[in-house]
Amino acid sequence: MVTRLDLWDSSIPSTCEDRVNDIAATFHQIADARRSIREFLPDPVPDEVLDRCLESALKAPSSSNLQHWEFVILRNPDVRQKADRVCLDQKLLKSAPLLVALVAHTDTWRRNSRYILESLDSRGLLRPSQKRYWGKLIPLVYLQDPLGLLGLAKHALSRGISLFRPMPSMQSKAAGKITAHKSTALAAATFMLALRAEGYDSCPIEGFDPWRASKLLGLKGGAEVCMFLAIGKRTDQAIWWDRILVPKEWAVREM
Ligand SMILES: Cc1cc2nc3c(=O)[nH]c(=O)nc-3n(C[C@H](O)[C@H](O)[C@H](O)COP(=O)(O)O)c2cc1C
């Protein structure tokens, strides 16, 4: 039997090409249909839909596979009310049946590196280069002190070396946060597309109070809310205007 994944395999007969095209067309339709939804129907988001979307989102790419994200499903009505307030009581929240907070972590790299190494080991795949990568290089890049001085020194050192040869930045504290937010935003994008594929909608929310958000979610210093996501099914009035895209040549260039 041909599985979905096999369809991209060049060894499969060309009779399957139509199905590959169908899958591509479906994906592009999903990307086109995803909009930021500002008014939701009261229909709840079924657990199995949410779960499937989370499963896909958790497969998003992440820097060094460190999966810096955490999805916090805000189900408790009291927490939800406080979260709406933290999100400045934006109007779209009044109708959104579900709110999820996406947290970017710079404090999980040690645990997750260890997990990756143990997983590789238990599969009999652990190579010395991987041991060096997650065991030595990742701590070198990610380790910070509370004041961020170590990070500044590492950043300055790597910048100095980069004057003579290509050198990745051994992150400052701020750069570490950017990496965590990049990976988390990719998981958010995957999640939103998965929701649309399931017939559900979302609106990313960056308009929130970051200090109160951290307090509400009980986050420590090494974690920040990347964004909230309001989720549900769209109403007919949910989209404020047709999509406005800046000219493609502003967004894409070749050199
Ligand atoms: C990081 C981020 C933060 C956003 N924050 C908000 C927000 O706080 N409130 C809101 O109504 N929309 C918010 N949006 C939605 C954008 O306004 C929307 O994506 C943009 O206008 C493009 O429209 P579209 O998503 O329908 O294609 C946010 C989007 C992103 C990616």
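The buried residues of helix α5 pack against α6, the helix that runs over residues 128-142. In this predicted model, three residues of α5 count as buried, namely W109, S113 and I116. They span an arc of only 60° around the axis, which puts the three on the same side of α5. Turn to the face that points away from this buried side, and the exposed residues show up: R111, R114, E118, S119, D121 and S122.

What does the contact between the two helices look like in detail? On the α5 side it involves W109, S113, I116, L117 and L120, and on the α6 side Q130, K131, W134, G135, I138 and Y142. Sorted by class, the α5 and α6 residues in this contact come to seven nonpolar, three polar and one charged. So W109, S113 and I116 turn up twice, once as the buried residues of α5 and once among the residues that meet α6.

Two packed helices are described by the angle between their axes and the distance between the axes. For α5 and α6 the angle is about 175°, and the axes lie 10 Å apart. The cut-off for roughly antiparallel is an angle over 145 degrees, and α5 and α6 are therefore roughly antiparallel to each other.

The length of α5 can be checked too. This helix covers residues 109-122, and at 1.5 Å a residue its 14 residues should span 20 Å; the C-alpha atoms at its ends are 20 Å apart, so the two values agree. After α5 comes G124, a residue with a positive phi, near 70°.

A second helix pair is arranged in another way. Helix α1 takes in residues 17-33 and helix α8 residues 173-197, and their axes come within 9 Å and cross at roughly 105°. That crossing makes α1 roughly perpendicular to α8. The residues that make the contact are I30, A31 and A33 on α1, together with L193, R196 and A197 on α8. Here the classes divide into five nonpolar, no polar and one charged.

Helix α8 passes the length check as well. Its 25 residues, at 1.5 Å each, should span 36 Å, and the end C-alpha atoms are 37 Å apart, which agrees. A glycine with a positive phi follows this helix: G199, near 90°.

Most residues other than glycine have a negative phi, and most peptide bonds are trans. Which residues go against that habit for phi? One of them is N65, which is not a glycine yet has a positive phi of about 55°. N65 sits in the loop that links α2 to β1, the strand at residues 69-73. Its surroundings hold 12 C-beta neighbours inside 10 Å, so N65 counts as exposed. L88 is another case, with a positive phi near 60° in a residue other than glycine. This leucine is found in the loop between α3 (77-86) and α4 (92-95). L88 also has 12 C-beta neighbours inside 10 Å, and so L88 counts as exposed.

Some residues can be placed by their distance to a partner elsewhere in the chain. P44 belongs to the loop between α1 and α2, the latter being residues 47-57. Although P44 and A96 are 52 residues apart along the chain, their C-alpha atoms are separated by 9.0 Å. P44 itself is partly exposed, as 13 other C-beta atoms lie within 10 Å. A153, a residue of helix α7 (residues 149-162), is partly exposed as well, with 13 other C-beta atoms within 10 Å. For A153 the partner is R253, 100 residues apart along the chain, and here the C-alpha atoms are separated by 35 Å.

Stepping back to the whole chain, there are 10 helices and four strands. Read along the sequence, they come in the pattern α-α-β-α-α-β-α-α-α-α-β-α-β-α. The C-alpha atoms fill a box of roughly 55 × 55 × 45 Å, taken along the principal axes. Out of 255 residues, 28% count as buried. As for contacts between residues at least 6 apart in sequence, 76% join residues at least 24 apart.

Notes
Residues are numbered from 1 along each chain as its sequence is written. This is a predicted model: local features need pLDDT of at least 70, side-chain atom pairs count only at pLDDT 80 or more; totals for chains, interfaces and linings use all residues. The expected span of a helix is 1.5 Å times one less than its number of residues. A residue is buried if 20 or more other C-beta atoms lie within 10 Å of its own, exposed if 12 or fewer, and partly exposed in between; C-beta atoms are placed from the backbone. The arc is that of the directions from the helix axis to the C-beta atoms. Two residues are in contact if their C-beta atoms, placed from the backbone, lie within 7 Å. Axes are lines fitted to C-alpha atoms, for helices over the stretch in contact, and angles run from 0 to 180 degrees between N-to-C directions. Angles under 35 degrees count as roughly parallel, over 145 as roughly antiparallel, 65 to 115 as roughly perpendicular and the rest as oblique. Ala, Val, Leu, Ile, Met, Phe, Trp, Tyr, Cys and Pro count as nonpolar, Asp, Glu, Lys and Arg as charged, and the others, Gly among them, as polar.
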